[in-house]
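The report that follows describes a protein chain from its backbone details to its overall dimensions. Please read it with the sequence and the structure side by side.

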Amino acid sequence: MNRAQKLADLQSRIAQAEEGGGAARRERQHKEGKLSARERIDFLLDDGTFEETDKLVTHRATDFGMAEQKYYGDGFITGYGRIEGRLVYVFAQDFTVFGGSLSETNAAKIVKIMDLAAKMGAPLIGLNDSGGARIQEGVMSLAGYADIFLRNTLYSGVIPQISAIMGPCAGGAVYSPAITDFVLMVDKTSYMFITGPDVIKTVTHEEVTKDQLGGATTHNETSGVAHFLAHDDKECLSMVRELLSFLPSNNLDDPPRKPTADPADREDKALDSVVPEQSNQPYDIKDVIHAVIDDGYFFEVQEHFAKNMVVGLARLAGKPVGIVANNPAMLAGTLDINASVKGARFVRFCDCFNIPLVTFEDVPGFLPGLAQEYGGIIKHGAKLLYAFAEATVPKVTVITRKAYGGAYCVMASKHIRTDVNYAWPTAEIAVMGPEGAVDIVYKRELEAAKNGTPGSESRDAVRARKIDEFRDRFASPYVAAERGYVDAIIQPRETRKKLIQALAMLETKRDKNPPKKHGNIPL
């Protein structure tokens with residue numbers, strides 16, 4: 001074979017690799033509303049930046065007629081490229097080749113780029129669309145999954161890991177995305193589950209569809225497995241790009257800054273009246289968040305799950321921050337199991353990647369009830385407490401209204417190493433709400449009023465007066481300010497300015513936890 005023939009042979013092999021499972025199978029993907037694996041990578045990355053690795057890899061299986069069925073790339077596309085000029089590593093499962101199933105050889109392709117991503121300190125993005133382990137390879141395929149799981153774990157907190165579920169993801173395959181930092185799903189075309197509907201019907205006699213069992217809506221609203229819900233492949237990939245714009249490339253870098261024309265000292269008079277006069281009236285904490293952050297732009301995480309807790313990414317003076325907030329518009333802003341786990345996971349992510357935490361607090365306590373206690377609210381609530389206490393990034397808290405009981409302590413209070421704590425004049429900081437507290441601490445006076453002589457002050461009048469007294473004497477934010485538990489009582493309209501000033505002051509913060517292998521978070 002001469003030189004020209006060798007060059008032609010190379011081009012032929014490259015063309016075969018790029019053809020994947022063929023035009024007919026790609027067209028089937030398109031009819032299902034899905035992009036092909038290569039189209040996804042091209043859309044995700046900056047134009048012309050993708051460099052493919054292991055393009056000519058083939059499987060080594062010989063059983064079940066596999067020796068006669070070989071495709072270059074073996075159903076996985078791996079490599080690196082740029083997003084907004086920053087290096088990222090990516091793999092995409094090609095459903096047109098053996099259903100995107102995992103083999104010994106394509107698992108090795110993924111492992112190779114995972115190791116490269118960790119060495120180079122660059123994010124790793126997985127585009128999942130696979131039928132699972134390649135049955136024809138048996139334990140070798142399972143070993144490939146375990147090799148991937150190990151690296152997901154070892155590199156957790158070292159580089160951002162993002163999983164986009166853009167088709168099926170079942171069985172053991174779901175555990176790699178579950179370990180990664182963020183999971184995105186596409187409505188109607190993606191699903192995740194351990195066991196499929198047929199197995200469930202056989203074992204438990206329950207009938208359920210794939211979408212009901214593990215669709216994008218299920219995992220965004222009910223299970224909390226997924227963090228983002230997209231309506232098609234392009235929206236999903238755009239969300240990955242947007243998410244990365246807030247994140248550093250690794251745990252040693254600072255998050256990327258973005259210029260903003262939004263004045264740092266901008267005030268919003270509407271904040272002075274956002275908290276209702278009556279403390280039992282709801283309001284949407286997102287109105288506060290949007291009014292304070294740069295250009296009102298909030299990239300919410302897990303928007304559809306545990307809506308009494310709001311978490312997400314935003315910028316203040318161009319610098320990324322993680323927002324954690326109770327939302328009085330949902331379940332009165334109480335902390336329940338789902339909200340606690342949602343908040344804890346997000347807080348720990350931000351702490352891993354040097355993203356300062358801003359907490360907006362309006363919490364009447366933990367959600368009471370048999371289901372919560374039996375479900376382990378003590379253990380799950382402790383996760384949020386642990387996460388905030390463990391975090392060493394800059395932490396700033398704003399108490400807008402209620403901060404009651406143990407929930408006050410948990411929500412980034414001064415006592416668990418929060419750097420700057422502000423309170424609005426509407427803040428109420430106490431062991432419990434005045435209404436409940438009065439029934440306990442003034443029990444005798446209320447009983448006497450109930451049995452009082454005609455013409456004396458009624459029990460309801462005494463109770464109302466005692467509630468006002470208790471609120472002024474014990475629940476006032478000035479009591480906490482006198483003790484130094486809040487650093488300042490601020491005008492709500494000044495919140496943006498105060499947050500930016502505090503974060504600027506904290507920019508060189510250095511803090512660390514006692515030396516240890518790792519803590520034992522209450523799982």
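In which loop does Ala-412 lie? In this predicted model, Ala-412 is found in the loop between H15 and S15. Its phi is positive, at about 55°, although Ala-412 is not a glycine, and with a relative accessibility of 1% the residue counts as buried. As a general background, most residues other than glycine have a negative phi. Lys-188 also has a positive phi without being a glycine, with a value near 75°, but it sits in the loop between strand S7 (182-186) and strand S8 (191-193). Lys-188 is exposed, because its relative accessible area is 66%.

**The strands around S15**

The loop that holds Ala-412 leads from H15 to S15, and these two elements, together with S14, make up a right-handed β-α-β unit, in which helix H15 covers residues 405-410. Strand S14 (residues 395-404) is paired with S15 in the parallel sense over four bridges, and within this arrangement Thr-397 stands opposite Asn-421 in S15. S15 also pairs in the parallel sense with strand S17 (residues 488-489), here over two bridges, and Ala-423 has Ile-489 in S17 as its bridge partner. The side chains of S15 (residues 420-423) alternate: Val-420 and Tyr-422 point one way, Asn-421 and Ala-423 point the other way, and all of them are buried.

**The strands around S11**

How many of the residues of strand S11 are buried? The count is eight of eight for this strand, which spans residues 309-316. Met-309, Val-311, Leu-313 and Arg-315 point to one side of S11, while Val-310, Gly-312, Ala-314 and Leu-316 point to the other, and burial extends to all of these residues, Arg-315 included. S11 runs antiparallel to strand S10 (residues 299-301), to which three bridges join it, and Glu-300 has Gly-312 in S11 as its bridge partner. S11 is likewise antiparallel to strand S12 (residues 319-326), with eight bridges between the two, and the partner of Val-311 in S12 is Val-324. S11 and S12 form a hairpin with two residues between them, and Ala-317 in that turn has a positive phi of about 55°.

**Nonpolar cores and a buried histidine**

The largest nonpolar core has 57 residues, and those with the most contacts inside it are Ile-125, Leu-127, Leu-247 and Val-324. Apart from it lies another core, of 30 residues, which includes Ile-289, Ala-325, Ile-490 and Leu-503. Leaving aside its neighbours within four places in sequence, Val-324 is in contact with residues that include Met-309, Val-310 and Val-311, as well as Phe-346, Leu-357, Phe-388 and Met-411.

His-227 occupies the loop between helix H9 (216-223) and strand S9 (228-230), where it is buried, with a relative accessible area of 8%. Beyond its neighbours within four places in sequence, the contacts of His-227 are with Asp-181, Phe-182, Val-183, Asn-220, Val-301, Gln-302 and Glu-303.

**Cysteines**

Why does the sulfur of Cys-236 form no bond with the closest cysteine sulfur? That sulfur belongs to Cys-169 and is 13 Å away, which is too far for a bond, since a disulfide requires a pair of cysteine sulfur atoms within 2.5 Å. The sulfur of Cys-350 is in a comparable position, as its closest cysteine sulfur, in Cys-352, is too far for a bond at 9.2 Å. A search of the whole structure finds zero disulfides. The table sets out these two cysteines, with the accessibility of each.

| Cysteine | Closest cysteine sulfur | Sulfur distance | Relative accessible area |
|---|---|---|---|
| Cys-236 | in Cys-169 | 13 Å | 0%, buried |
| Cys-350 | in Cys-352 | 9.2 Å | 0%, buried |

**The protein as a whole**

There are 20 helices and 17 strands in the protein, and its C-alpha atoms fill a box of roughly 110 × 55 × 45 Å, taken along the principal axes. Of its 523 residues, 51% count as buried. The accessible surface comes to about 24100 Å², and 54% of this belongs to carbon and sulfur atoms. Among contacts between residues at least 6 apart in sequence, 74% join residues that are at least 24 apart.

Definitions and conventions
Residues numbered from 1 in each chain as written. Predicted model: local features only at pLDDT ≥ 70, side-chain atom pairs only at ≥ 80, totals over all residues. Heavy atoms only, no water. Buried < 20%, exposed > 50% of the residue type's maximum accessible area, 1.4 Å probe, protein only. Pairing = 2+ DSSP bridges. Right-handed = clockwise from strand over helix to strand, strands pointing away. Contact = heavy atoms within 4.5 Å. Areas by Shrake-Rupley, 256 points an atom, 1.4 Å probe, with all protein chains shown as cover. Core = buried A, V, L, I, M, F, W, Y, C linked by side-chain atoms within 4.5 Å.
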